[in-house]
Structure formats: C-alpha cells, structure tokens
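Colleague: I'm still learning how to read a structure, and I'd love a close look at one part. Please walk me through the metal site and its surroundings, slowly and in plain words.

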Amino acid sequence: MAEISVIEHIHSMQLKWSPTATGQFTSLLHDLILSAKIISRSVTKAGLVDILGGTGNINVQGEQVQKLDDFANSVMIYRMKNCGVVCALGSEEEEELVVVGSPKERGNYVIFFDPLDGSSNIDANVSIGTIFSIYRVEDDTELTKENVLRKGAEQAAAGYFLYGPSTIMVYSTGHGVYGFTLDPSVGEFLLSHDNIKIPENGKYFSANLANYGKWSEQDQKAADSFVQGGYSLRYVGSLVADFHRTLLYGGIFSYPADSKNAKGKLRLLYEANPLSFLMEQAGGLALNGSGDRVLEIVPEHIHTRTAFLFGSKNDVEKYRSVFE
Ligand code: AHG
Ligand code: MN
Ligand code: MN
C-alpha cells in the first residue's frame, strides 16, 4: 500500500473540497505538525532531561503548571505566531486571546489549543496530548471577542496529537475523520486510520466515578445504568486519551457538572469543541449537560467550561434517556 503522508492527505482533501484554497491552511497544518513533533520529542525524552515536575506556578485556571505544559505552550505559541497565517490564538495557558501581527499582514486563521492535555499524568508516563480547534475569518473581520469566539459548528478544522505508545494525529476538516501515526524513522505522520467511524454501541463507560457523590441525581442514575449494565470501566484522566479510545472502540465518556464545578470542568474552546467536531464527523454524539449539541454553544469567554458527554450514538441516547 502507498504510504500517504498527512500533508499529502490535506492536499488531496483540499483539491476535492476547496479547489480554490490559497495554501494558508496547509501552511498552518504544517507548522502545527512541526510543533507536535517537537513536543513529542520532548515528551519521549521526559525522564532523561530535566523536564518533569511542576514549574511552581499556577495557571489562569488555578491549576499547577507542569514544566511540560509550559514547554508545549511556548512551542505552540511561537510556531502559531510565526507561521504567517494565524491572526489570533487562544491557549489554555494564556489568560487572554492573543492577537497576532498587524491588521495589514495578518492571516485568516484563528486557533485555540490545549498545548498539553492530561497534565496530571505526565510524570507517570501515561498518554497525554495536544488538542486544536481552527476557525477561518474574512480579511476584514475585526478581531473582537464577539467575532472570534464562535460556536463550534463553525470550526474549519479540529484535531489532536496523542503522545502514547506511538504518536498519533487525528484531524477533520468536516469531511470525515482521519488518523496518522508518526513513523519516527522517516519523521512523518503516515495514514493509519482511514475515515474513522465510531461503533454505534460500545462496551466501555468512562467517567471520574470518584465524583459520583457530587453529581445530579440524573447523572448518578445514568452512570448506574452503565455500571450495572454490563459495561466495563475505563478512565485515563487524559481527555485526549479517553476520547481516542472511545472513537476507536465505541462506548461513552461523561464529565458532568458537579457541586464543585457547577458549569462542568472541561473547557469548551480547546477541549470540548474540537473533540465534539471529530465525534460528530465520526458518526457519534457530543452533548452538554442540557442534552444539546456542544457545537451549538456560544462561548462567553475563552476559558468557558461545559459539561461534556460523548460517544457511540446508542450509548449517549441511553444515558440521556434517564433525563426524559
Ligand atoms: P489539562 O491537563 O489540559 O488541564 O486537562 C485535564 C483534564 C482532562 O484531560 C481530563 O479529562 C480531566 O482534566 C481529568 O479531570 P479529573 O482529574 O477531575 O478526573
Ligand atoms: Mn486539557
Ligand atoms: Mn492542558
């Protein structure tokens, strides 16, 4: 079989779906992929060089910043600022939206990212990842909060890199979901998961059950129906890894609102939106705590949080049936 590289794949998708493309998007993806290769290189060597542990700082979310969080964030910020096609960016580790370049020379893309997802797992060598969400704006769009913070349904592309036993990239431009595995011997991501579709039913239930006592009665009932209904429990605690397993094997993931996180814990712009875009493209469902599509939520601010429920169509419907 011919080995298809990710950039080759992006080109062929553009020829098919956006033949008048200017090359800006390919440029953006190229630099994003380079960022991930650099982060992956450091993650792989983490035990050998002095990059494990905390920085001693607390981020805008009130969480401990790990050295690798910091490193991944600076790699992403540098590459995205200098790739020439990004006009604004938002990161989990930056309090405010960062506007890039002068209005005359700016590119047409806005990107939101979680530079390193699964921070609590870093020092234990458990899978972690980088999640991204991309929007396109017109040349004359004023880069105000109202214009830039749009609902997830308007994403131009979304995806993630998973630093696990192998490094994997999964992306979608709204025409299916594709997965690529980094072949370190050639330094390229090669197509390994063509047109991914999530099974309609799964056998895994994934939630932080230690929060059970803080959930609403309905979320508790829904969880009971899976725990007692022959499902097996899986919870990594790195969203990107829990998502990747759910995408490939099917099943359901739930991080509901609770008495500590009244609006949910996971962040809309750089966690729930990009993953919901992929989930829907793969034939699954992604809902908030009211049972509405995550992709329809209008963000209030860059770090807006949401309850997040996603997975196989029949499993998500089974979970929500408790709420009716
Ligand atoms: P991050 O490491 O980017 O701050 O994200 C952590 C998130 C997510 O990866 C995971 O699903 C969730 O936090 C785990 O939360 P709990 O420890 O509350 O289960
Ligand atoms: Mn995260
Ligand atoms: Mn993070």
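**The metal site and what surrounds it**

Modeller: Let's begin with the manganese ion (ligand 2), whose protein donors are Asp114 (OD), Asp117 (OD) and Glu271 (OE), lying 1.9 to 2.1 Å from the ion. Keep in mind as you look that this is a predicted model. If you read those donors off along the chain, their spacing is D-x2-D-x153-E. Asp117 sits in strand β5 while Glu271 sits in helix α7 (residues 268-281), so this pair ties together parts that are 154 residues apart in sequence.

Now, are these two donors buried or exposed? The cut-off for buried is under 20% relative accessible area. Asp117 has a relative accessible area of 5%, so Asp117 counts as buried. Glu271 comes out at 2%, so Glu271 is buried too.

Next, look at Asp114 again, since Asp114 bridges the manganese ion (ligand 2) and the manganese ion (ligand 3). The two ions lie 3.8 Å apart. Around the manganese ion (ligand 3), the coordinating residues are Glu92 (OE), Asp114 (OD) and Leu116 (O), at 2.1 to 2.2 Å. Their spacing in sequence is E-x21-D-x1-L. Glu92 belongs to the loop between β3 (86-91) and β4 (98-99), and Asp114 to strand β5 (residues 109-117), so the pair ties together parts that are 22 residues apart in sequence. Glu92 and Asp114 are both buried.

There's another molecule to meet here: ligand 1. Which residues come nearest to ligand 1? Of the 17 residues around ligand 1, those are Asp117, Ser119, Asn208, Tyr235 and Tyr255. You'll recognise Asp117 from the list of donors for the manganese ion (ligand 2). An N or O atom in the side chain of Asp117 is 2.7 Å from an oxygen atom of ligand 1. Ser119 takes part through its backbone, with a polar backbone atom 2.8 Å from an oxygen atom of ligand 1. Tyr255 uses its side chain, where a polar atom lies 2.6 Å from an oxygen atom of ligand 1. How much of ligand 1 does the protein cover? On its own, ligand 1 has 470 Å² of accessible area, and the protein covers 85% of that. Two elements give two or more residues to the shell around ligand 1, namely β5 and β14 (266-267). The largest share, three residues, comes from β5.

Let's move along the chain to Asn108, whose place is in the loop between β4 and β5. With a relative accessibility of 5%, Asn108 counts as buried. What does the side chain of Asn108 hold on to? One polar contact, at 2.8 Å, is with the side chain of Asp139. Another polar contact, also of 2.8 Å, joins the side chains of Asn108 and Gln24. Leaving aside neighbours within four places in sequence, Asn108 is in contact with several more residues, including Val85, Cys87, Tyr135 and Val137. Here's a nice example of folding at work: Asn108 and Phe25 are 83 residues apart in sequence, yet their C-alpha atoms are 8.9 Å apart in space.

Strand β5 turns up once more when you look at helix α3. What covers the buried residues of α3 includes α2 (24-44), β2 (64-66), β3, β5 and β6 (128-136). Those buried residues are Leu68, Asp69, Ala72, Asn73, Val75, Met76, Ile77 and Met80. You can check the helix with a little arithmetic, too. At 1.5 Å a residue, the 16 residues of α3 (residues 67-82) should span 22 Å, and the end C-alpha atoms are 23 Å apart, which agrees. After α3 comes Gly84, with a positive phi near 85 degrees.

Finally, take a peek at helix α6 (residues 239-249). Nine of its 11 residues are buried, so α6 is largely enclosed by the rest of the structure. Among the buried ones are Asp242, His244 and Arg245, along with Leu239, Val240 and Phe243. Gly250 follows α6, and its phi is positive, near 85 degrees.

To pull the metal site back together, picture Asp114 sitting between the two manganese ions as the bridge, with Asp117 and Glu271 as further donors to ligand 2 and Glu92 and Leu116 as further donors to ligand 3.

Methods. Residues numbered from 1 in each chain as written. Chains lettered and ligands numbered in written order. Predicted model: local features only at pLDDT ≥ 70, side-chain atom pairs only at ≥ 80, totals over all residues. Heavy atoms only, no water. Donors = N, O, S within 2.8 Å, 3.2 Å for Na, K, Ca; no water. Helix = DSSP H or I, 4+ residues; strand = E, 2+ residues; numbered from the N terminus. Buried < 20%, exposed > 50% of the residue type's maximum accessible area, 1.4 Å probe, protein only. Contact = heavy atoms within 4.5 Å. Polar contact = N/O pair within 3.5 Å; in protein donor to acceptor, adjacent residues only side chain to side chain. Expected span 1.5 Å × (residues − 1). Near = heavy atom within 4 Å. Areas by Shrake-Rupley, 256 points an atom, 1.4 Å probe, with all protein chains shown as cover.
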